[in-house]
Amino acid sequence: MTELTVGTKKGLFVLEGDPGGEFKVRCRAFPGEPIDFAVRDPASGRVIATSTSPFYGPKIWFADDPGGEWMQAEGVALPEGGEEALERIWVIVPGEGGSLWAGGDPGVLFESRDGGQSWELNAALRQHRVEEDWQPGGGGLCLHSIVPWPDEPDRLAVAVSAAGVWHTDDHGETWRRGNHGIRPRYLPDDVSEDSSPLCVHRMERAKRDPRRMFIQFHGGVYRSDDAGQNWSYIGDGLPSDFGFPLALDPGDPDSAYVIPLTGDFDRVTPEGAVRVYETRDGGQSWTPRGDGLPDREAYLTVLRRAFGQVGEGDSLQLYFGATSGDVFGTGDAGATWSTVATRLPPVFSVTASA
Amino acid sequence: MAVVCLHGPLRSLAGDRAELDLRGGTVHELLRGLEEQHPSVTGWILDERGVIRRHINVFVNGERGRAETAVESGDRVEVLPAITGGA
């Protein structure tokens, strides 16, 4: 049985089902509230969710049973008396060594060491944002991707739209940029790399070879073979290199899946056909995977955190949701797809566990 | 003492009390006093900057109030979510 935690514009939906079939809604929580992201923490078994009430601001919540009582986490705020307030939490990622990490707007990172009950702002990264001119992307100044290094809890990379990629080797005490090779087409060629607003849309690290990383950029897909210091363009062969989500097969460092959208001028699936594109050679070639997906008159938008996976290899399961309220999935690494759910509210995020 | 009236989830955060008697010379002082009495309310009405959240409305004796609006003993201060549009 696979569990999907689906954050939507109107609450959290927990779906259950078997790969290849339609899933059932096991429970719905936070009716009416925008749920930006939710994930089941494998260490504690809890579900951690984040909401951004238009009235009461961003909050992180945790529950042992998502159909039961939810508790509000502490510490999810910027220091009092500053010039900025926390706008939104975009993502929560289980890290190494029992930590949980949360990223949000304005370009902030939080850590929890007690299973999501309390959170502490990362002061060093915050200081970079205070001292430097970070520019927001269209969705805000969002820290949306957090990629731990397997078995090394002090190493972490994060991506901010539009402040690019940042690395730490000392558990967040210090940070350095890692953007060499990324070419933003929306800027003049002579803008210096360190001052460029770099609109990374999503970043992932290969589990079996943590030096291998992938980025879906705002126009461009990139690969790094040196732990995110240097990046190479790998978008050739895609119908569009614009998109938001990105997923990897944990069993194959050469793998990546993207869902191209027409472009930043028209953020829908190209030519009315929903296609996931897969590479198994580090981006040298891409194969469309659409067997079972809508192939005509389907103009969907899939947001950056609305693509999740569980398992690996031939039985890799991938799930993505669209702002149309549809959720699709595969249980055979993308060879065939099925409709998991329809007529949900607009989908903001999808995570999977089994 | 002014009477602060809470609505929606704010009421449950304040121990299921719809009305509280609080001291303060301005709306902001009253709201800080509310947070001291009921720490669960912290972050729900005032953000980290101490600013009333954009979609929270405050009325003092039926008139729109702001953080700096003066409050006197016996005044009635309503705190409620704004009636804002959107889907």
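**Strands, a helix and a chain contact**

Reader: How many bridges pair β22(A) with strand β23 (residues 287-289) of chain A, and in which sense?
Author: Strands here are DSSP runs of E with at least two residues, helices are runs of H or I with at least four, and both are numbered from the N terminus. Two strands count as paired if DSSP finds at least two bridges between them. In this predicted model, A:Val276 stands opposite A:Arg289 in β23(A). β22(A) and β23(A) run in the antiparallel sense, and the number of bridges is three.

Reader: Which element of chain B has the lowest mean pLDDT, and which the highest?
Author: Residues are numbered from 1 along each chain as its sequence is written, with chains lettered from A and ligands numbered from 1 in the order in which they are written. Because this is a predicted model, local features need pLDDT of at least 70 and side-chain atom pairs count only at pLDDT 80 or more, while totals for chains, interfaces and linings use all residues. For chain B the mean pLDDT (the predictor's confidence in each residue, from 0 to 100) is 92, and 95% of the residues reach 70 or more. Among the elements of chain B, the lowest mean, 90, belongs to strand β4 (residues 63-64) and the highest, 96, to helix α2 (residues 27-37).

Reader: What ipTM does the model score?
Author: Two scores are given for the model. The pTM is 0.94, and the ipTM is 0.83.

Reader: Which residues of strand β22 (residues 276-279) of chain A point one way, and which the other?
Author: All of these residues are buried, a class that requires 20 or more other C-beta atoms within 10 Å of the residue's own, against 12 or fewer for exposed and values in between for partly exposed, with C-beta atoms placed from the backbone. A:Val276 and A:Glu278 point one way, and the other way point A:Tyr277 and A:Thr279.

Reader: Which residue of β22(A) stands opposite A:Ala256?
Author: β21(A) and β22(A) run antiparallel and are joined by three bridges. The residue opposite A:Ala256 is A:Thr279.

Reader: What is the bridge partner of A:Ala247 in β21(A)?
Author: Strand β20 (residues 242-247) of chain A is mostly covered, with six of its six residues buried. β20(A) runs antiparallel to strand β21 (residues 256-261) of chain A, joined by four bridges. In β21(A), the partner of A:Ala247 is A:Tyr257.

Reader: Is A:Asp236 buried or exposed?
Author: A:Asp236 lies in the loop between β19 (232-233) and β20 of chain A. There are 11 other C-beta atoms within 10 Å, so A:Asp236 is exposed.

Reader: Which residue in the turn between β4(A) and β5(A) has a positive phi?
Author: Strand β4 (residues 35-40) of chain A is largely enclosed by the rest of the structure, because five of its six residues are buried. Five bridges join β4(A) to strand β5 (residues 47-53) of chain A, and the two run antiparallel; A:Val39 stands opposite A:Ile48. β4(A) and β5(A) form a hairpin with six residues between them, and the turn residue with a positive phi, of about 80°, is A:Gly45.

Reader: Which strands stand at the edges of the open sheet β24-β25-β26-β27 (chain A)?
Author: Four strands form this sheet in that order, and their pairing is antiparallel. Two strands have a single partner each, so one side of each is left without a neighbour in the sheet; they are β24 (307-310) and β27 (338-341) of chain A.

Reader: Why do the buried residues of α2(B) lie on the same side of the helix?
Author: The buried residues of α2(B) are B:Val27, B:Leu30, B:Leu31 and B:Leu34. They are on the same side of α2(B) because the arc they cover around the axis, taken from the directions from the helix axis to the C-beta atoms, is only 95°.

Reader: Which residues does B:Asn57 touch, not counting those up to four places away in sequence?
Author: B:Asn57 is in strand β3 of chain B and counts as partly exposed because there are 17 C-beta neighbours inside 10 Å. The C-alpha atoms of B:Asn57 and B:Pro81, 24 residues apart along the chain, are separated by 5.8 Å. With contact meaning C-beta atoms, placed from the backbone, that lie within 7 Å, B:Asn57 touches B:Leu80 and B:Ala82.

Reader: How many residues does the contact take from each chain?
Author: The contact takes 10 residues from chain B, and from chain A the number is 13. By class, the side of chain B that touches chain A has three nonpolar, three polar and four charged residues. Nonpolar here means Ala, Val, Leu, Ile, Met, Phe, Trp, Tyr, Cys and Pro, charged means Asp, Glu, Lys and Arg, and the others, Gly among them, are polar. The totals are thus 10 residues for chain B and 13 for chain A.

Definitions and conventions:
Contact = placed C-beta atoms within 7 Å.
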